[in-house]
Amino acid sequence: MNDQHRIDRIEVTPFAIPLTTTVKFATGSLSAAEHLLVTVHTESGVTGTAEAIPRPMIYGETTVSIAFAIENLIAPALTGMSIFDTAQFEHRLRHLAGNVAAQSSVEIAIFDAIGNALGVSSHSLLGGFAPDVRCTAILGSGSPEVVIGEADELKETLGITSLKVKVGLDLAADIELVTRVREHAPDALIYVDANHGFSAAEAVRFVRATEGMLDWIEEPCAADEVLGRASVVAASTVPILGDESCITTREVVNEVLGARSTMIGLKLQRTGITQSQRIREFCTALGVPILVASQGDSGIGTRVSASFAAAQGSTATQPAELAYFLHLENDLLAHPPLIENGRLAVGDEPGFGITIDADKLTHYRTDGK
Ligand code: MG
């Protein structure tokens, strides 16, 4: 019955949107959102849209490799598949390792197409738990004055009171930074992300020095320091959140069961829909807190992440990292997301609510078309 919604082709368009400020973290810095727009076309004319976000320093993928993988490895395997046969996605790609952003973007676009074909929001199809979700803003490394100034502005203009501060570059300065930010914002939800920047020994010193100041601590040290990481968990009175140390379901299972991560950050841009659901259910079954994190999404990925986070109670009741798009000077969406009172409403448009503005795409696409 769904034959008219078979996948016909997949279109990939690179684009680059400058950031208004350079975002720095322990493993690199970014001055533009250089992403790819991914559009799944069905034989019926229904389309689904997503973005793919390269992170060579984390996953090894680049804009060129993602486009190659989608056009030459993924599209041929999926052509002719009904968008409703979602279990076919992993099955048909079971022999394609890695390429996490490429695979995830196509799967997200398929789920967007399902919503568009049915005229139903993806948020409802995924569970529809809450109409909106609390937003976390990610603050770049900087002096306490700069970080506090940024936090004040976010609270004043958007009502954002959940803050993630990037650390991991300088232990003493980071402890001072956390102390100052907490003193300034005693009621805010504050956590840090060290992006593996500390050794395990430094991380133990960090968790002890910041005890009582943080709500949780993300990636204090490398997962490769297996025993050291466990010692950080043992020393900490707040959860240790696993992000890049556990990307796949198997890695999440190993980190959680090995007690090296006691909270999990989920990124739709690397685990797509099905695997993200599997990870969320695993964590929920074990009582491990899980939040939806950001891969540096533009408004497109933000809508997807917000829909997924708000769809089920375990993620809807945690703040989600949905404010990164504010760093971009513009967006490809006709209607960029709006954060009000620190929350982002999901809306009830079909699919993930992604409508591309043709003029903006012409302006920001980098393929010369
Ligand atoms: Mg992180």
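Two strands count as paired if DSSP finds at least two bridges between them. On that basis, this predicted model holds an open sheet of seven strands with parallel pairing. It also holds an open sheet of three strands with antiparallel pairing.

**Seven-strand sheet**
- The strand order is S5-S6-S7-S8-S9-S10-S11.
- Strand S5 (136–139) and strand S11 (290–292) stand at the edges. Each has a single partner strand, so one side of S5 and one side of S11 lack a neighbour in the sheet.
- From one strand to the next, the twist averages 25 degrees.
- Two bridges link strand S9 (residues 240–242) with strand S10 (residues 263–266), and the pairing is parallel.
- Leucine 241 stands opposite methionine 263 in S10.

**Helix on the seven-strand sheet**
- Helix H5 (residues 144–158) packs on this sheet.
- H5 touches S5 and strand S6 (162–166).
- The direction of H5 makes about 155 degrees with that of S5.

**Three-strand sheet**
- The strand order is S4-S13-S12.
- The edges belong to strand S4 (132–134) and strand S12 (339–340). Each pairs with a single strand, so one side of S4 and one side of S12 are left without a neighbour in the sheet.
- S4 and strand S13 (residues 343–345) run antiparallel and are joined by three bridges.
- Aspartate 132 has alanine 345 in S13 as its bridge partner.

**Background on pairing**
- Backbone hydrogen bonds pair the strands of a sheet, in either a parallel or an antiparallel sense.

Key: Residues numbered from 1 in each chain as written. Predicted model: local features only at pLDDT ≥ 70, side-chain atom pairs only at ≥ 80, totals over all residues. Heavy atoms only, no water. Helix = DSSP H or I, 4+ residues; strand = E, 2+ residues; numbered from the N terminus. Axes fitted to C-alpha atoms, helices over the stretch in contact; angles between N-to-C directions. Contact = heavy atoms within 4.5 Å.
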